[in-house]
Amino acid sequence: MDSLKVLLDTDIGTDIDDAVCLAYLLSNPDCNLLGITTVTGEAEVRAMLASSVCKAAGREIPIYPGTEQPLLLPQRQLHAAQAEALTNWPHASHFPKGEAIEFLRRTIRSNPGEVTLITIAPLTNIALLFSIDPEIPRLLKGLVMMCGRFLELIPEGYGPLEWNAQVDAHATSIVYRAPVPIHRSIGLDVTSKVVMQADTFRKTFQGIPVFGPVLDYAEVWFRDWQSTTFHDPLAAATVFNPDLCSFQRGSIDVALNPGTYQGFTRWIPEESGPHQIASNVDAEAFFRNFCDVVHAGSYA
């Protein structure tokens, strides 16, 4: 099977799962990672974090810092906390400025119908991309997002809204209205079922080169949390192994009225709806696949 062309949009540096997701994509022989864009506060620092993981994998991937401010709302994610461990790892320090949206546009237009865009962050970059060039959604092979919450009221340990959907709710609304051929969301109600405890995480990924910086950044995360949830890695894994999750088809709109539920993703099941959501996950199969990929990648 030919490798799949992928673009990744990430807010790496806050929750550790972005770095874990990037390590998975870099390890996956079926993934042709064409480039990475970063979003939210300290986008350039986030680009440095992404660079450190790429360098640990021995890969040179184009990285573009993207938009730091939401379309209309105040930024709620100002800092990339894991950057305190960045000096421990080689990384690029200079990146093209103001070119992230054009990079995405140019790459997708150069590969019509071939690129899967994976978003694991607030959707400001993607909303701008779709607004600047309205033909882009139709030129994608698919859009796979870690975004939203659809089938459960409130997963245990989480608030009523999903972070990526709410941080820039207006951007989220734009992206859900876009006519993408495959428009798939892996929501919080499903991703919250794939959790790994801190000690298991350390033992599982010790000695894997691409996980060198990831393990370091994870220690910043583990100061406040005793586990990590594989939200973003699950979304990425479904690109290559869709059978890891079951899916339902329907339509999604986004609450925009100011207040407690701004950014809420309203789900309506419809057989011919434009959106797909993950409705369940085989957690054991996911972790087995994930570990097989990253361990095999360390010997590639």
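A disulfide is here a pair of cysteine sulfur atoms within 2.5 Å, and this cut-off is the one to keep in mind at the opening stop of the tour through this predicted model.

**Stop one: the cysteines.** Select cysteine 54 and display its sulfur; the closest cysteine sulfur, which belongs to cysteine 31, lies 11 Å away and is therefore too far for a bond. Cysteine 54 itself counts as buried, its relative accessibility being 2%. Now move the selection to cysteine 21, whose closest cysteine sulfur is again found in cysteine 31, at 9.1 Å, a separation that is too far for a bond. Cysteine 21 is buried as well, with a relative accessible area of 0%. Under the cut-off given above, the count of disulfides comes to zero.

**Stop two: the loop between β2 and α2.** Select the loop that runs between β2 (31–38) and α2 (43–56), and pick out threonine 40 within it. The phi of threonine 40 is near 75°, a positive value in a residue other than glycine, and the residue is buried, with a relative accessible area of 1%. Glutamate 42 is found in the loop between β2 and α2 too, and although it is not a glycine, it has a positive phi of about 55°. Glutamate 42 is partly exposed, its relative accessible area being 29%.

**Stop three: strand β11.** Select residues 275–281, which form β11; six of its seven residues are buried, so the strand is largely enclosed by the rest of the structure. Which strand pairs with β11 in the parallel sense? Adding residues 183–186 to the selection shows strand β6, which pairs with β11 in that sense over two bridges. To place this contact at residue level, centre on arginine 184, whose bridge partner in β11 is glutamine 276.

**Stop four: strand β9 and its pairings.** Select residues 245–254, strand β9, which pairs with β11 in the antiparallel sense over six bridges. Two positions help to trace this pairing: glycine 250 stands opposite histidine 275 of β11, and phenylalanine 247 has alanine 278 of β11 as its bridge partner. Finally, extend the selection to residues 265–269, strand β10, which pairs with β9 in the antiparallel sense over five bridges. Here serine 251 is a useful residue to label, since its bridge partner in β10 is isoleucine 268. When side chains are switched on for a last look, it may help to recall that in a regular strand they alternate between the two faces of the sheet.

How values were computed
Residues are numbered from 1 along each chain as its sequence is written. This is a predicted model: local features need pLDDT of at least 70, side-chain atom pairs count only at pLDDT 80 or more; totals for chains, interfaces and linings use all residues. Side-chain values use heavy atoms; hydrogens and water are left out. Buried means under 20% relative accessible area, exposed over 50%, partly exposed in between (1.4 Å probe, protein chains only). Helices (H or I, at least four residues) and strands (E, at least two) are DSSP runs, numbered from the N terminus. Two strands pair if DSSP finds at least two bridges between them.
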